[in-house]
Amino acid sequence: MSAPSTPSHPAGKASTHQLEQAAASDASITAIHQTLLREKPEPTEGFSPIPIFLLFVFSALIFVGGVYIAHYAGDFEPMAFDPSRGKQVASAEPAKPVDPMVLGGRLFNQNCAACHQVTGQGVPGSFPPLAGSEWVMGSEERLVRILLHGLSGPIEVEGKTYNGAMPAFGPKSGYRFNEQKIAAVLTYVRNSWGNTAPAVTPEKVKEIMAAVGDRPGPWTAAELDPFK
Amino acid sequence: MSSAPSLAAAIDPRTKMPQERAELHQIDESTRVLALIFLGTSAVWLLVGTIFALIASWKLHNPEFLSTQEWLTFGRVRTAHLNTVIYGWATNAGIGVSFWLMARLSRTLLRHAGILYVSGAAWNLAVIVGTFGILRGDGQPVEWLEFPRYVTPLLFVSYALIGVWGIITFRFRRGEHTYVSQWYLLAALFWFPWLYSIAQIMLVFAPTVGVIQALTNWWFAHNVLGLWFTPIGIAASYYFIPKVLGKPIHSYHLSVVGFWALAFFYNWAGVHHLIGGPIPVWVQSAGIVASLMMVIPVIVTAINHHLTVIGSFQQVWNSPTLRFIVFGAMNYTLASLLGSAMALRSVNSVTHFTHFTVGHAHHGMYSFFTMVMFGSIYYMLPRLLRKEWPSAFLINVHFWGTAAGITLYVVALSIGGWIQGMQMNDVKNYPDFLQIMVATKPWLFARTIAGLMIAVGHIAFVVSFVWILIKKRTVEETSPTLFNTPPTLSLKTS
């Protein structure tokens, strides 16, 4: 074997022919000369041994990997999603109680702050304030109903009249808040920005939900008067 | 008996391996047209991708920019950027470099060139149609697979042809020894059609349900980086570093460990994009451990590359090829180690869903892979065309524009992304999402500046590319274009 391809192959023949032609002319020999001389030999490999410290590093990595899998694989349960505990531990330990102020704060910032603002001050003329509002700190009967089904039309808050629409957040609305979320976010607004009012419990929310039942549209301020 | 060895012997009987060099020259001749087609189209796609990148980057801090043009909304431009640079630039350049390397290392002339002509034409046609499809709104909502479904079969067939070609060439190799670059190239040619076909079936044509979709998506997207671009980048580094320096690669044993560790661990690592998601926790932990284990092939490859380079920095600095490739190899080490760190739960909870991840993706794809491709092209074109690069100045502009630009890019997005992640995890002090978003603006602006620097580099590169294509071949050129010409020996009589 001496040519770069088998002699029967047409491409091999063609380039052999080219090379022979090239050999005929001085200029092309010079050109090939240049191309060849700038080319260093094809790369080869040395055979330095693997440093011993690397083997220690690899062993340490594999050890750490094994320990990690043993600790965080949730016993290879298909339904385990929490890295810190497997299924058995999860069922033995009761779930941590949720702090309504933390959950409520998060829900408020995600869903309410766009209109009522992070500071609870609302936007003058457009969105009523929650801080210091008699609606927020008043009866929870009224407040829970607003959150469940929304409120539209004129409403007087802290002596000013607003005319807008608040969306519904209840389980049948687009937001799908359950009683725990409604209780948490109301507890949050009743105890932030200087407001002080008793917390709203999920049980109370559930009771009101049962009392109202299905309702086609939002409340008006006048309709809520009986629940003051 | 062909005349090749005898001619080579006639040229210079004293050179150590005259026959090998004459063969290499013949092989280069046989690959010339195809290599120029792949590398030329890749350069065009590079420019197109850069334009999309600049538009998308500008929109991130000035959202009103071009927002009335439906075809140029952020979602489409950003997607067009990703797909043109991945499938237009990087894959075309990768294929061009791979088959040239494969032919050289197998010491065989380019066989069955027709396969490559067909697949090259089909591939570029598919990328053109696909990019238009994305811009007009036909894109698929799967990251890294956004090309509309009417072009993906064409992409797959043309790619499979290239794979077949690679295997044929490898089959007809000569010589006892298979060099390390060949392992990586051959593996990459197998891996990519496998990834692409599985992802197409499980995500597009017969979509799986629920979280399996997300899992398949990230398995695919991460493996395109790790099992397609990375092996080509490593193969090119393994070839050009010892080739230009003229010394052997540090250790064969390390190469073996590096290759098999990459092949074994990388496939698992993609899950780290879904940490904290509704995926069974053991799958996440397996992905994290695999990402951690990637330290093994990375360290091994780093030792092999960097210990080969050590002691020859002057040569690296003077050679355009090596300046790009060694920059790429160093960033491969850095980006991979950072990537392993980012897979740890504690770090991931900060960096996930922030600009940090975007910075990291560019670190791997640009600082490593793209720079290695630039270096390879600087080596290949003079051999293919038998002409020298016309201007060391342009190469300098290219190097500094891209190297400084991408470094600014990665540093800015890493710092900005880290701050963003810390703020998003701190609901108490940063309750307002918008406030966090506004705070990222200076970093995003720095990214546009970095993008402009990179664009200047790319323009210099394309000008060089066109110039070397059209310039006349002269006999006077005897030495390659270097940044500093080494001093020549001269006899002094005192």
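This report walks through a predicted model, looking at chain A and then at some parts of chain B.

## Chain A at a glance

Let's start with the make-up of chain A. Its secondary structure consists of ten helices and two strands. Read from the N terminus, the order is α-α-α-α-α-α-α-α-β-β-α-α. Chain A has 228 residues, and 25% of them count as buried. Take the contacts in chain A between residues at least 6 apart in sequence: 54% of these join residues at least 24 apart.

The domain assignment splits off two pieces of chain A, with domain 1 covering 52-92 and domain 2 covering 100-227. How far apart are the C-alpha centres of domain 1 of chain A and domain 2 of chain A? The answer is 45 Å.

## How far to trust chain A

Chain A has an average pLDDT of 79, and 79% of the residues reach at least 70. Which elements of chain A have the lowest and the highest mean pLDDT? Helix H1 of chain A (residues 10-24) has the lowest, at 49, while helix H3 of chain A (residues 52-72) has the highest, at 93.

Two stretches call for some care. Over residues 1-15 of chain A, pLDDT stays under 50, and the model has 32 contacts beyond four places in sequence for them. Residues 86-90 of chain A also stay under 50, with eleven such contacts in the model. Where pLDDT is low, it's best not to read the predicted coordinates in detail.

## Two residues with positive phi

A:Phe76 isn't a glycine, yet it has a positive phi of about 60 degrees. You'll find A:Phe76 in the loop between H3 and helix H4 (87-92) of chain A. Is A:Phe76 buried or partly exposed? A:Phe76 is partly exposed, because it has 15 other C-beta atoms within 10 Å, and a buried residue needs 20 or more.

Over in chain B, B:Arg386 is another residue other than glycine with a positive phi, near 55 degrees. B:Arg386 sits in the loop between H14 and helix H15 (392-424) of chain B. B:Arg386 counts as partly exposed because it has 17 C-beta neighbours inside 10 Å.

## The helix before B:Arg386

B:Arg386 comes just after H14(B), so let's look at that helix. Helix H14 of chain B (residues 355-385) has 31 residues and reaches 42 Å from its first C-alpha to its last, close to the expected 45 Å. Where is the kink in H14(B) centred? It is centred on B:His363, with a bend of about 30 degrees. H14(B) is mostly covered, with 25 of its 31 residues buried.

## B:Gly94 and its contacts

B:Gly94 belongs to helix H3 (residues 74-106) of chain B. Why does B:Gly94 count as buried? Because it has 26 C-beta neighbours inside 10 Å, and 20 is enough. Beyond its neighbours within four places in sequence, B:Gly94 is in contact with B:Phe229, B:Ile232 and B:Met373. From B:Gly94 to B:His61 is 33 residues in sequence and 33 Å in space, C-alpha to C-alpha.

## The nonpolar cores

The largest nonpolar core has 144 residues, and B:Leu101, B:Leu185, B:Ala188, B:Ala235 and B:Phe265 touch the most other members. Helix H7 of chain B (residues 211-245) gives the most to this core, with 20 residues. Leaving out residues up to four places away in sequence, B:Ala235 touches B:Leu101, B:Ser181, B:Tyr184 and B:Leu185.

Another core lies apart from it and has 28 residues, including A:Leu107, A:Leu130, A:Leu151 and A:Ala183.

Conventions:
Residues are numbered from 1 along each chain as its sequence is written. Chains are lettered from A and ligands numbered from 1 in the order in which they are written. This is a predicted model: local features need pLDDT of at least 70, side-chain atom pairs count only at pLDDT 80 or more; totals for chains, interfaces and linings use all residues. Helices (H or I, at least four residues) and strands (E, at least two) are DSSP runs, numbered from the N terminus. The expected span of a helix is 1.5 Å times one less than its number of residues. The bend at a residue is the angle between axes fitted to the seven residues ending there and the seven starting there. A residue is buried if 20 or more other C-beta atoms lie within 10 Å of its own, exposed if 12 or fewer, and partly exposed in between; C-beta atoms are placed from the backbone. pLDDT is the predictor's confidence in each residue, from 0 to 100. Two residues are in contact if their C-beta atoms, placed from the backbone, lie within 7 Å. Domain bounds come from an automatic or database domain assignment. A nonpolar core is a set of buried Ala, Val, Leu, Ile, Met, Phe, Trp, Tyr and Cys residues joined through C-beta atoms within 7 Å.
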